Every structure is written in C-alpha cells, then in structure tokens.
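Student: Could you take me slowly through one helix of this model, and then show me what lies around it and elsewhere in the chain?

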Amino acid sequence: MPSQILAPTTAGIHPERFSDDLYFARNKKITAIFLAVFLLAGFALRITDLGAESLSEDELNKLETVEEYRTHGLSGKNGEHPFLMKGLQTVSIASAEKLNSVFASQQLHISEEAALRFPVSLLGTFTILLLFLLVSELFGRSIALISAALWALEPMALGFDRIAKEDSLVLFFFLVTSLFFIKSQTKAEREDANWIHYLLGAAAGFGALMASKYYPFFLSIIGGYYSVVINVPGNKWNVGKVRWLKFFFVMGLVFLILNPTIVLPETWHEMLKFSSEKRIGHDSYEFMGGLYPHKVTDWLAGVPWTFYYVFIAVKTSVVVLALFILGLPMMFKRRLGDGRLYILLWAFLWFMPFTVLGGKFTRYFTFAEPLILITASVGFYFGVKWLSDKLSGQFAAVCQVIIFAAVLVFPFLASLSVAPHYRLFTNALGGGMTSAGTYFPHDEFYDTSTRDIIAAIEPLAGPQAVVACETSSLFEYYANKNGRTDLSFVSLSDKGKVAVLNIGDFVVITRGRRYFSNTAYEEYLKTNAKPWAKITVAGVTSALIYDLNETSLAYIKTIANQ
C-alpha cells in the first residue's frame, strides 16, 4: 500500500508536513546521489562559457567599483547597492588574476566577465541545495528533489545566475533565512530546546540578504507566516519579545559586518540619489514591441501589470509550464499540509507589489522563479502519484523513475538549445526562437554583443571616428581594451551630440536599447538605410551598425534638431 499524505493535525503543525511516497526519493542515499548529480550539472551549465557575453552597463559599474576598492580601499562608489556582492567580486577577480598568471603557460585564461559573474553562478548552484532542503521541510523529499532538479536545469534559472546582479544573492540568502526559520518551527514543535539557534540562523541569513540588496520588505514573508502559525491551537513555537529582540540584533550585526560601506557618508548620498529616481538613465522600457515609462513610481502607468505573467508564459519550458498549471490548484488544498502557507505568502507578498510597480526588469523575477518550479513539482508529484496508484508494485516504481527522468529531459534540452545565451530562450507558446528577443529585449540581450560590435567597427573606423550608441561608457571600455583609444562615443539620446556627427561616423542600434529618446533614429535607419554590419546572438539579430553617408547623416541631423 502506498503511504498516505499526512494532513495537518488538530493539535497544530505536524513536523512532517508531507509524506515521501515516490520511489526515487524514499532512500536517502539514492536521493543524495540524485542531488549530487543535479548540483554538478547545474554548476557546469552555470559556468560553461561564463564570459561568452559582453559585460552589461550595470556589470561594468560593478567592475569599476571593484577596481576602486582595489586601488583606493572601500568607498561609497555604486553605493545604492550594498557591499557584499562587490566584495565577493573583488575576491573573485583578484583570484582569477592570480590563476591566470600561474597557468599562463598552459594558455588558460579566466576573463574579467567570467570572474565578475562567478560568485553569482556559484551561489546560484548552491541554491539547488538550499531549495531542496527548504522544500524537504515543507513538503518532503519527493517534491524537494524535483524542485532542485528544475532549478539546476531550467533555462531561466540558469540565465538569472549568469549575470553579475544582486538578485541571485537575495534569493540565496532568503532561502537560508527560510530554511532556518522553518527548522526553528519544526524543532520547537518537537520540543527541542535548541530551536532558538535556528531562529538566530534565520536572522543572520536575513542580515546577509540585506547586505546583498536593500529589500527589508521581504521580512514580511517570515513575519506573516509566524503571525498565522502563532494562532494555531496547540502551537509550541512562541518567539516572544526577548527572542525577537535577539533576532533583530543578530540581523543588524551580520548586516553591518557584511556591508561595512553603509557607514560611509558617500554611500548614503548615492542611496538618496537612487531612491529619488535621479539615477535612472533612460526614459522607457521596451516590452513586446511597445515603449513604456519605467520609473517605479509610474505604477500602473508604467510597464504593464501583465509583464511577469507574460514572462512565465513564454519563458518557462513547456513541460514545466504544464506541470505548474497542474500543481497550482493543489497549492490551495489542505491535503498538501501547512507548508503551503509559507509558499502562498511568499507568492502573494512578491506578486502583489511587483505586479503594480511601474519599473520592472525580468531579473527581479529571480526571487519568484522557485515558486513556479515548486508548484510544477507539486503538479508532477500528484500526477505521478495518481498514475502509479493505478499500477502495481515494482512496475509502478519503474514508471515513476522513467517519468522523472523524461520530464527533466525537456528543460535540459531547452537549455542546451540556447546555451550559453539562456535568457533568449522562448518556448513554443511564445513563438519559439523565431520570437526570441521580442518580448523583453533589454533583459534578453542585456548588452551581450558590445564586444562584438567594437570588433566589427574597429577595422573600418578611421582615426577619431565617433560612434553614437546608448551605452557609451561600455563601448569605450571595450574599445580601450582593443587599443582604439582614439574612438569617441556619444549617447544616441543626446540630440546635441548626435547633431554634430560627420560622414564616416557610426550609429549603432542595439536591441534592448530602444527608448522614447532614440526610437526615431531606429525607425528611419531600418526603413531607409542598409546596415554596414549585423551582429547576431544564437541566430537572433542583436545589433545593427550603420556608417553614415551624406544622405543618412542629413536625416539623422534633421531628427536631432527637431
């Protein structure tokens, strides 16, 4: 007889919230082997060709901050973001330089791009383990193992972990926080006197989260869960005022240790500038071919509220999306146990604000992506459970393993089909790869071709040539690396600079960098001029390079002078 799902007890929260009755997760050693394979596969996919894409403008800011730290010591540069990630990147880049010098004779070389991104990829890999441990606490090993496997292989999870942004660190430390917080509940319910240690571990985890990105409102997720559980009859998990004071003390102490630049006045100056939205460099965001205002405070007048729901629909591999739809109604069933309350609060307190904020990026979804994969894993569990209950004995066990392996093939092949440019993945529902780059071009391309654009311009550009583009500092960085310090770069959105371009200068139209301020140039050039060069990524056009002649220059200047 298959074991039965454990329902919540009338006495309160049952420490074992869900049964493990799928064959491949019953044995702890077999589960550990599976998990080790997923960790290795996830790590390999995250670091292979990690430097294949150019730095983005945001990543260049991080690199410049690292150089500032190494040259002048800690400072408030890039102070709108906490220190922890930049500290890890400093160690990574210094280590890469050391390794490059040691292995120079073997012609091994770690690029700056790869070194800058490596800490995120490493912690993204360990997110596989944390997700398994947390979901094991909430729903048991079966659903946990599937969730971990999907995080290891799903294209968007991989894409998020291959850019040098803070969002993957936020997720990592949120999972640390959640794991310790839920463990403290489990230990308290089992009358283990050491449960307070897990509570303080959760505090340390959230301190590290805040040292990664200033997201204090995510504390509402664990606070909301506690406020629900504390009122359950028979609950033995009572933190009390004194323990909460210890919680916030530990959280603050860890935050200060991991974010020492917070004490610098320059950091506060940068934070205030950022929070006033004076640091926003562009006037819009392109979504599904339309341009929208992109300030957080634009609310529903900004990027449409459908943004993240479209993202789920077109960027999730089809089989995982189907399992998510199957699992979604199960998340509201009591038979899934009380662990679902934590997931539902996590979902509500992320989707509620991020749906209505006017400024959106797909990378913000890093924090919510596990919710999709956990729900898909619930769908897989109940689907396989329903099927195997109709079969008998050993045959049912074999079928479970085969279906498990078969399901994982789909996200794995989806990832391989676009490697190493995982963010470009677009499923069949979204039109497949023929539609890649048309939904969220800024985040799908993320300045990936700048290095190739400079390589294409360099042979043709005469001395002192000027290039009009949208990321002039990034273009200058790669031009200088190529020895073309004579080239000048101006913003395509700066009408005054564009108005003084000359014959022989260049205009670069970069996918994902179309704004209200420059769309007229793009519309004219695409309609009336032939690009000198076309740059592609994974078969998708990422940039068009135009060399200005007498005719095109006249039109460009006319637009600039309007």
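**A close look at helix H10**

Tutor: Helix H10, which covers residues 240–258, has 19 residues and reaches 27 Å from its first C-alpha to its last, close to the 27 Å expected at 1.5 Å a residue. Please keep in mind as we go that this is a predicted model.

Let us begin with the covered side, where Phe247, Met251, Val254 and Phe255 of H10 are buried. These residues lie on the same side of H10, because they cover an arc of only 105° around the axis. A general rule helps here: an α-helix has 3.6 residues a turn, so residues three or four places apart point the same way. On the face of H10 turned away from its buried side, you will find the exposed residues Lys241, Val242, Leu245, Phe249 and Ile257.

What do the buried residues of H10 pack against? Their partners are H8 and helix H9, the latter made of residues 219–229. To see one such meeting in detail, look at Ala203, which is found in helix H8, residues 195–210. Leaving aside residues up to four places away in sequence, Ala203 touches Phe247, Val250 and Met251, and of these, Phe247 and Met251 are among the buried residues of H10. Ala203 itself counts as buried because its relative accessibility is 0%, where the cut-off for buried is under 20%.

Moving away from the helix, we come to the largest nonpolar core, which has 148 residues, and of these Trp346, Trp350 and Phe365 touch the most other members. If residues up to four places away in sequence are not counted, Trp350 touches Phe218, Tyr308, Tyr364, Phe365, Phe367 and Ala368. Apart from this core lies another, of 19 residues, among them Ala468, Leu492, Leu501 and Ile556.

Ala468 also leads us to a strand, since this residue stands opposite Val507 in S5. Strand S5, residues 506–510, is mostly covered, with five of its five residues buried. Phe506, Val508 and Thr510 point one way from S5, while Val507 and Ile509 point the other way, and all are buried. S5 pairs with strand S3, residues 466–469, in the parallel sense over two bridges, whereas its pairing with strand S7, residues 540–547, is antiparallel and runs over five bridges. Within that second pairing, Ala543 in S7 is the bridge partner of Thr510.

Conventions:
Residues numbered from 1 in each chain as written. Predicted model: local features only at pLDDT ≥ 70, side-chain atom pairs only at ≥ 80, totals over all residues. Heavy atoms only, no water. Buried < 20%, exposed > 50% of the residue type's maximum accessible area, 1.4 Å probe, protein only. Helix = DSSP H or I, 4+ residues; strand = E, 2+ residues; numbered from the N terminus. Pairing = 2+ DSSP bridges. Contact = heavy atoms within 4.5 Å. Expected span 1.5 Å × (residues − 1). Arc of directions from axis to C-beta. Core = buried A, V, L, I, M, F, W, Y, C linked by side-chain atoms within 4.5 Å.
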